[in-house]
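User: Please take a close look at the charged side chains in this model and at how they pair with one another. I would also like the polar contacts and the backbone details worked into the same account, with the burial of each residue wherever that can be given.

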Amino acid sequence: MTPYSLAFYVDAVTTGTVLGLRPTDAPERVTEVLGPRFGDNDFGTSMVRDYGLAEFYWHRSRSADPWVGHHFTLQVHRLSRGDRSSVNERLREQYGRFTHRLRFEKLRRLLERRGVSLVEVPDPGNAPYYRTFWQPDSQVAVSVIAGYGQYSTPDHMRVGDVYSILAPMTAAEVEWRRASTA
C-alpha cells in the first residue's frame with residue numbers, strides 16, 4: 001500500500017478522478033462526496049467550488065442553464081505552507097495524513113511501477129519556471145516547479161515539487177501546446 005497522500009495522488013493521476021468524482025460531475029454530486037464545506041465563487045456563467053486541496057470548475061451558457069463540469073485542480077502547493085487543514089475531511093478519512101510536499105520524482109516512480117507513464121508537454125505560458133507532464137489515458141496534467149523565479153514561483157516550494165494536478169487536459173490541448181512551440 002502506498003502511504004498516506006501518495007496513494008491519493010497516484011489514484012487521481014491514474015483515474016482522472018477525485019474519490020471517484022469526474023471533472024464533468026454536477027456541483028450537487030461533488031458536494032455529496034466531498035461534503036458541504038467549500039468556498040463558492042459563482043460568476044453567473046462560471047463557478048468554482050474550493051474544497052481546500054481540490055477545486056472543481058463548471059460553466060454554462062446562460063444563468064438559466066444547468067452547470068456543466070469543466071475541470072478540477074488539486075492545489076498541491078497549498079500544503080507546502082504547512083496548513084494541513086486545507087485537506088478536505090473526506091480526503092483525510094480516505095487517505096490519512098497529507099505531507100507538506102509532493103516530490104515529482106517520487107510520484108513518477110510510483111506511477112511507473114503501476115505501468116502508468118507521464119509524457120512531458122510544452123508549457124509555453126509558464127516556462128522556464130514550470131514543467132507540465134501529461135498522462136494520456138486519464139488526461140491528467142501534473143505541473144512541477146522547474147526553477148525559481150521571483151514573483152513566478154512560491155518561495156516556500158522547491159524545484160521538483162508538484163505545484164498542481166489538473167484534469168482533464170485533452171489531447172487537443174496537448175497538440176495545441178506542441179504546435180504553439182514548434
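Analyst: A helix is taken here as a DSSP run of H or I that is at least four residues long, and helices are numbered from the N terminus. The model is a predicted one, and what follows should be read with that in mind.

With that definition in place, helix α4 is a convenient starting point, covering residues 104-113. The side chains of Glu-105 and Arg-108 form a salt bridge, with N and O 3.8 Å apart, which falls inside the cut-off of 4 Å between a side-chain nitrogen of Lys or Arg and a carboxyl oxygen of Asp or Glu. Because Glu-105 and Arg-108 are three residues apart in helix α4, about one helical turn separates them. Glu-105 counts as partly exposed, its relative accessible area being 43%, and Arg-108 is likewise partly exposed, with a value of 21%.

Arg-109 also lies in helix α4, and its relative accessibility of 43% makes it partly exposed. Arg-109 belongs to a surface patch of positive charge, in which it is gathered with Lys-106, Arg-113 and Arg-114. Residues enter such a patch only if they have over 30% relative accessible area and no salt bridge.

By the rule used for salt bridges, the count for the model comes to 13. One of them joins the side chains of Asp-25 and Arg-22, with an N to O distance of 2.9 Å. The two partners fall into separate accessibility classes, since Asp-25, at 7% relative accessibility, counts as buried, whereas Arg-22, at 46%, counts as partly exposed.

Another salt bridge pairs Arg-177 with Asp-123, the closest N and O atoms lying 3.6 Å apart. This pair links distant parts of the chain, for Arg-177 sits in helix α5 (residues 171-180) and Asp-123 in the loop between β5 (119-121) and β6 (130-135), with their positions 54 residues apart along the chain. Both Arg-177 and Asp-123 are buried. Elsewhere, Asp-50, Glu-55 and Arg-78 are joined into one network by salt bridges that share partners.

Glu-55 leads on to the polar contacts, for its side chain is also joined to that of Gln-75 by a polar contact of 3.0 Å. The side chain of Gln-75 makes a further polar contact, of 2.9 Å, with the side chain of His-77. Gln-75 is placed in the loop between β4 (68-74) and α3 (89-95), and its relative accessibility of 11% is under the 20% limit, which means that this loop residue counts as buried.

Thr-15 gives a second example of a polar side chain with two contacts of this kind. Thr-15 is part of helix α1 (residues 4-15) and counts as partly exposed, at 46% relative accessibility. Its side chain reaches the backbone oxygen of Asp-11 at 2.7 Å, and a polar contact of 2.6 Å joins the side chain of Thr-15 to that of Thr-17. Thr-15 can also be placed relative to a remote stretch of sequence: its C-alpha atom is separated by 9.7 Å from that of Gln-135, although the two residues are 120 apart along the chain.

The backbone details can be followed from the loop that holds Asp-123. Pro-128 is found in that loop, between β5 and β6, and a cis peptide bond joins Ala-127 to Pro-128, with omega about 5°. A cis peptide bond also joins Ala-167 and Pro-168, where omega is about -5°; Pro-168 lies in the loop between β8 (162-167) and α5, the helix that contains Arg-177.

Two loop residues other than glycine have positive phi values. Gln-139, in the loop between β6 and β7 (140-145), has phi near 60°, and its relative accessibility of 27% makes it partly exposed. Tyr-151, in the loop between β7 and β8, has phi near 70°, and at 78% relative accessibility this residue counts as exposed.

Definitions and conventions. Residues numbered from 1 in each chain as written. Predicted model: local features only at pLDDT ≥ 70, side-chain atom pairs only at ≥ 80, totals over all residues. Heavy atoms only, no water. Patch = residues over 30% accessible without salt bridge, like charges linked within 9 Å, V, L, I, M, F, W, Y side chains within 5 Å. Areas by Shrake-Rupley, 256 points an atom, 1.4 Å probe, with all protein chains shown as cover. Lys, Arg positive; Asp, Glu negative; His and termini not counted. Charge placed at Lys NZ, Arg CZ, Asp CG, Glu CD. Buried < 20%, exposed > 50% of the residue type's maximum accessible area, 1.4 Å probe, protein only. Polar contact = N/O pair within 3.5 Å; in protein donor to acceptor, adjacent residues only side chain to side chain.
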